[in-house]
Amino acid sequence: MPRTATVNRVLGELRPRVDGVRVDGAGGLTVSWEPGFRLEVFPDCSGRIEAWRVLVPGGAHHVFPPGLD
């Protein structure tokens with residue numbers, strides 16, 4: 001079974017709930033969710049522009065790099 005299929009199956013069974021998002025000034029992003037998962041994203045410095053966006057329903061809107069709103 002491909003890794004993505006395994007991850008999708010596990011997440012489908014556990015039905016995780018995001019409980020936190022942390023961003024840093026260098027473009028790093030950490031998303032944590034229950035039960036006990038964490039996703040860490042960091043910029044690739046290969047010369048391409050890295051960009052991401054996190055939306056919290058009814059709440060904060062995080063964008064990197066700043067100004068891409």
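## A guided tour, starting at the aromatic pair

A search of the whole structure turns up 1 aromatic pair. Select W33 and F37: their ring centres lie 5.7 Å apart and their planes stand at 20°, so the pair is stacked. The cut-off for stacked is planes under 30 degrees apart. Keep in mind that this is a predicted model.

Colour the two residues by accessibility. W33 counts as buried, at 15% relative accessibility. F37 is partly exposed, with a relative accessible area of 26%. The line for buried is drawn at under 20%, so W33 at 15% falls below it.

**Stop 1: L11, from the helix**

Add L11 to the selection. L11 lies in helix α1. Which residues does L11 touch, not counting those up to four places away in sequence? They are P16, W33 and F37. Both rings of the stacked pair, W33 and F37, are thus on the contact list of L11. Now draw a distance from L11 to F37. Their C-alpha atoms are separated by 9.9 Å, and the two residues are 26 apart along the chain. L11 itself is partly exposed, with a relative accessible area of 27%.

**Stop 2: along helix α1**

Stay on the helix, which spans residues 3–14. Show the side chains of R9 and E13. They meet in a salt bridge, 3.3 Å from N to O. How far apart are R9 and E13 in the helix? They are 4 residues apart, which puts about one helical turn between them. R9 is partly exposed at 40% relative accessible area. E13 counts as exposed, at 57%.

**Stop 3: the three-stranded sheet**

Switch to cartoon and select β1, β2 and β3. These 3 strands form an open sheet in the order β1-β2-β3, with antiparallel pairing. Which strands stand at the edges? β1 (17–23) and β3 (37–41) do; each has a single partner strand, so one side of each is left without a neighbour in the sheet. On average, neighbouring strands of this sheet are turned by 15° against each other, direction ignored.

Strands of a sheet pair through backbone hydrogen bonds, either parallel or antiparallel. Look along β2, residues 29–34: 5 bridges join β2 to β3. For one position to check, pick L29, which stands opposite V41 in β3.

**Stop 4: T30 in β2**

Select T30, a residue of strand β2. Is T30 buried or exposed? T30 counts as buried, at 12% relative accessibility. Expand the selection to the contacts of T30. Leaving aside neighbours within four places in sequence, they are G20, V21, R22, R38, L39 and E40. G20, V21 and R22 fall in the range of β1 (17–23), while R38, L39 and E40 fall in that of β3 (37–41).

**Stop 5: a salt bridge on β3**

Two of the residues that T30 contacts, R38 and E40, also meet each other. Their side chains form a salt bridge, 2.8 Å from N to O. R38 counts as exposed, at 60% relative accessibility. E40 counts as partly exposed, at 48%. How many salt bridges are there by this rule? The count comes to 2. The R9 and E13 bridge is the one from the helix stop.

**Stop 6: the β4 and β5 hairpin**

Move on to residues 52–55 and 61–64. These are strands β4 and β5; they run antiparallel and are joined by 4 bridges. Select V54 to see one pairing: the bridge partner of V54 in β5 is H62. Then go to the 5 residues between the strands of this hairpin. Pick G58 and read the backbone torsion: G58 takes a positive phi near 70°.

**Last stop: the whole model**

Zoom out. The protein has 1 helix and 5 strands. From the N terminus on, the elements run α-β-β-β-β-β. Of the 69 residues, 14% count as buried. W33 and T30 are buried residues on this tour. Turn on the surface: the accessible area comes to about 5500 Å², and 57% of that belongs to carbon and sulfur atoms. Finally, open a contact map. Among contacts with a separation of 6 or more, residues 24 or more positions apart account for 16%.

Definitions and conventions. Residues are numbered from 1 along each chain as its sequence is written. This is a predicted model: local features need pLDDT of at least 70, side-chain atom pairs count only at pLDDT 80 or more; totals for chains, interfaces and linings use all residues. Side-chain values use heavy atoms; hydrogens and water are left out. Two strands pair if DSSP finds at least two bridges between them. Helices (H or I, at least four residues) and strands (E, at least two) are DSSP runs, numbered from the N terminus. Axes are lines fitted to C-alpha atoms, for helices over the stretch in contact, and angles run from 0 to 180 degrees between N-to-C directions. A salt bridge is a side-chain nitrogen of Lys or Arg within 4 Å of a carboxyl oxygen of Asp or Glu. Buried means under 20% relative accessible area, exposed over 50%, partly exposed in between (1.4 Å probe, protein chains only). Rings of Phe, Tyr and Trp (its six-membered ring) pair if their centres lie within 6.5 Å; planes under 30 degrees apart count as stacked, over 60 as edge-to-face and the rest as tilted. Contact means heavy atoms within 4.5 Å. Accessible areas come from the Shrake-Rupley method with a 1.4 Å probe; for residues, only the protein chains shown count as cover.
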